[in-house]
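Me: I would like a close look at one part of this model, with the surrounding elements brought in only where they help to place it. Please take the time to connect the pieces rather than list them.

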Amino acid sequence: MADFSVCPICNLRFLTLELERHANSHFDDEDIDKDFELAQHIALDLSCAPSSPPYIPVDDDMQCETSSRKDRESSFLKSNPGGKDIDGKARILSGVHRNETRPQIGQGLMDLLKNCLELETENTTTILCGNVDHFQSSHSEDFGWGCGWRNIQMLSSHLLKQRQEAREVLYGGSGFVPDIPSLQRWLEVAWKRGFDKQGSEDFDQAIYGKRNWIGTTECATLFRSFGLRARIVDFVSQEIDIRSSGVGKCVGNMAPRVYGPMDRYLSKGKNVVSKSVPISYDVKAKPKVQQALIDWVWNYFSDNKSRISSNHGILVSQKAPLYFQHDGHSRTIVGIQMKCQRNGPKQYNLLILDPGHTTESLAKSLKGNFGWQKLIKRGVHTLKKPLYQLCFLDPGIASGEEIESLKNLHSIRVEA
């Protein structure tokens with residue numbers, strides 16, 4: 001039976017074997033120039049039309065100045081009619097990129113999770129992020145390769161609703177989470193602006209319409225291009241022995257340089273989907289690596305800015321969610337739970353949103369308070385990989401010389 005896939009650009013169905021050739025036909029220089037010329041006219045029409053502003057699903061006290069932004073867009077486009085430079089393309093993109101659609105579940109997922117945690121009778125302390133929307137991988141769009149993009153969307157949903165300073169700069173101030181093709185364009189803009197130049201070469205500085213896996217590096221690069229202080233931290237066993245050539249690039253005195261979801265596992269050829277590289281290890285993940293990761297996550301969320309949400313040992317942190325990467329998959333950490341035992345060590349559970357789960361199944365399990373633990377809670381015993389990565393965001397927006405320093409990525413190495 002023939003295998004069909006949907007083109008992420010025009011939404012037409014093609015044989016999977018022919019999809020790459022068709023998708024690449026959208027990327028000819030002449031077509032791209034036409035796309036931007038069309039986008040320019042659309043943006044101008046939108047800025048001049050007397051229609052009502054687009055709906056932005058945020059709290060009332062965080063509404064952006066939509067009309068003033070449109071005025072700035074119109075002014076820029078009129079003074080730069082060609083729209084060829086990268087800043088011009090970014091401004092056009094901010095006016096025409098598409099909002100990611102997702103299932104409507106009524107009450108927010110994090111509120112549903114908090115309700116379930118309050119019903120637990122065990123002696124626990126839980127620290128949660130604020131608002132985070134769940135974005136699921138779709139069988140017709142990105143199943144098997146889009147988890148990294150979905151995690152970026154989850155982090156973006158938090159930043160747009162919880163951090164006003166981030167909302168003003170992310171995605172041109174549009175105020176909503178872009179879909180995957182639009183995020184791919186934003187990453188290309190970041191590369192052309194000089195962010196992670198070395199890493200961009202692995203993709204030939206072009207990722208729009210492709211199905212390459214991405215990881216913490218691309219996540220950090222994208223957010224850094226907007227001035228956000230995105231960082232990467234590696235958790236590595238001291239006893240690991242990776243028997244593979246070319247498994248990392250050294251940057252100064254930092255950890256082996258990682259591009260995408262860990263070069264140790266992936267190869268990135270031109271115009272091909274990344275595939276696993278056979279690697280053998282002398283050891284599996286040791287408890288020290290697991291505990292180092294847990295300790296880091298606990299310390300990250302349990303800062304002095306957390307506020308008590310209820311009388312059930314639940315705290316809400318002002319920290320952003322964590323992009324959580326390991327071999328073959330990535331997820332989003334939205335909190336951590338500590339269980340105190342009478343005569344034993346403390347037990348920890350990471351609270352994770354997985355793009356591989358459907359939003360409806362998560363909401364249904366939480367609303368019914370049944371089975372959600374298997375979907376969201378991950379104990380220390382489940383951390384069996386020898387290598388893990390996190391991407392986290394420090395508060396504030398960089399400017400001036402700090403922006404230039406953010407163009408070069410370094411990872412923090414934690415060995416255990």
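Is Gly-175 buried or exposed, and what is its relative accessible area? Please start from there and work outward.

Reply: Gly-175 is buried, because its relative accessible area is 4%, under the 20% that sets the limit for that class. The model is a predicted one, and what follows should be read with that in mind. Gly-175 sits in the loop between H7 and H8, and its C-alpha atom is separated by 9.4 Å from that of Ser-157, a residue 18 places away along the chain.

The loop that holds Gly-175 also holds Tyr-171, since both are placed between H7, residues 164-169, and H8, residues 180-192. Tyr-171 has a phi near 55°, a positive value in a residue other than glycine, and with a relative accessibility of 0% Tyr-171 counts as buried. A second residue with a phi near 55°, again positive and again not a glycine, is Asp-204, which is found in the loop between helix H9 (197-200) and helix H10 (216-224). Asp-204 is partly exposed, because its relative accessible area is 42%, a value between the limits of 20% and 50%.

Following the chain from the loop into H8, one reaches a helix of 13 residues whose first and last C-alpha atoms are 19 Å apart, close to the 18 Å expected at 1.5 Å a residue. H8 is mostly covered, with twelve of its 13 residues buried; among them are the charged residues Arg-185 and Glu-188, alongside nonpolar ones such as Leu-183, Trp-186 and Leu-187. Just after H8, Gly-194 takes a positive phi of about 100°. Gly-194 is also one of the residues in contact with Lys-407, together with Arg-193, Phe-195 and Asp-196, once neighbours within four places in sequence are left aside. Lys-407 itself belongs to the loop between helix H14 (401-406) and strand E16 (411-415), and Lys-407 counts as buried at a relative accessibility of 17%.

Two helix packings help to place H8. The axes of H6 and H8 come within 11 Å and cross at roughly 85°, so the two helices are roughly perpendicular to each other. On the H6 side the contact is made by Trp-149, Arg-150, Ile-152 and Gln-153, and on the H8 side by Ile-180, Leu-183, Gln-184 and Leu-187. These residues divide into five nonpolar, two polar and one charged. H8 also packs with H10, at an angle of about 75° and with the axes 9 Å apart, and H8 and H10 are therefore roughly perpendicular as well. Here H8 contributes Leu-183, Trp-186, Leu-187, Ala-190 and Trp-191, while H10 contributes Glu-218, Thr-221 and Leu-222; the residues of this contact are six nonpolar, one polar and one charged. Leu-183 and Leu-187 thus appear in the contact with H6 and in the contact with H10.

H6 deserves a closer description, as a partner of H8. Its 16 residues, 147-162, should span 22 Å at 1.5 Å a residue, and the end C-alpha atoms are 23 Å apart, which agrees. Because 15 of the 16 residues are buried, H6 is largely enclosed by the rest of the structure.

The nonpolar core ties several of these pieces together. The largest such core has 76 residues, and those with the most contacts inside it are Ile-152 and Phe-223. Helix H11, residues 287-301, gives the most to this core, with eight residues. Ile-152 is also one of the H6 residues in the contact with H8. Phe-223 touches Ile-152 directly, and its other contacts, not counting residues up to four places away in sequence, are Leu-155, Ser-156, Leu-159, Leu-170, Tyr-171, Leu-228, Ala-230 and Leu-393. The list leads back to the starting loop, because Tyr-171, buried at 0% relative accessibility, is among the residues that Phe-223 touches.

As for the wider setting, the protein chain contains 14 helices and 16 strands, and buried residues make up 51% of its 416 residues. Of the contacts with a separation of 6 or more, 71% join residues 24 or more positions apart.

Conventions. Residues numbered from 1 in each chain as written. Predicted model: local features only at pLDDT ≥ 70, side-chain atom pairs only at ≥ 80, totals over all residues. Heavy atoms only, no water. Core = buried A, V, L, I, M, F, W, Y, C linked by side-chain atoms within 4.5 Å. Buried < 20%, exposed > 50% of the residue type's maximum accessible area, 1.4 Å probe, protein only. Helix = DSSP H or I, 4+ residues; strand = E, 2+ residues; numbered from the N terminus. Contact = heavy atoms within 4.5 Å. Axes fitted to C-alpha atoms, helices over the stretch in contact; angles between N-to-C directions. Parallel < 35°, antiparallel > 145°, perpendicular 65-115°, else oblique. Expected span 1.5 Å × (residues − 1).
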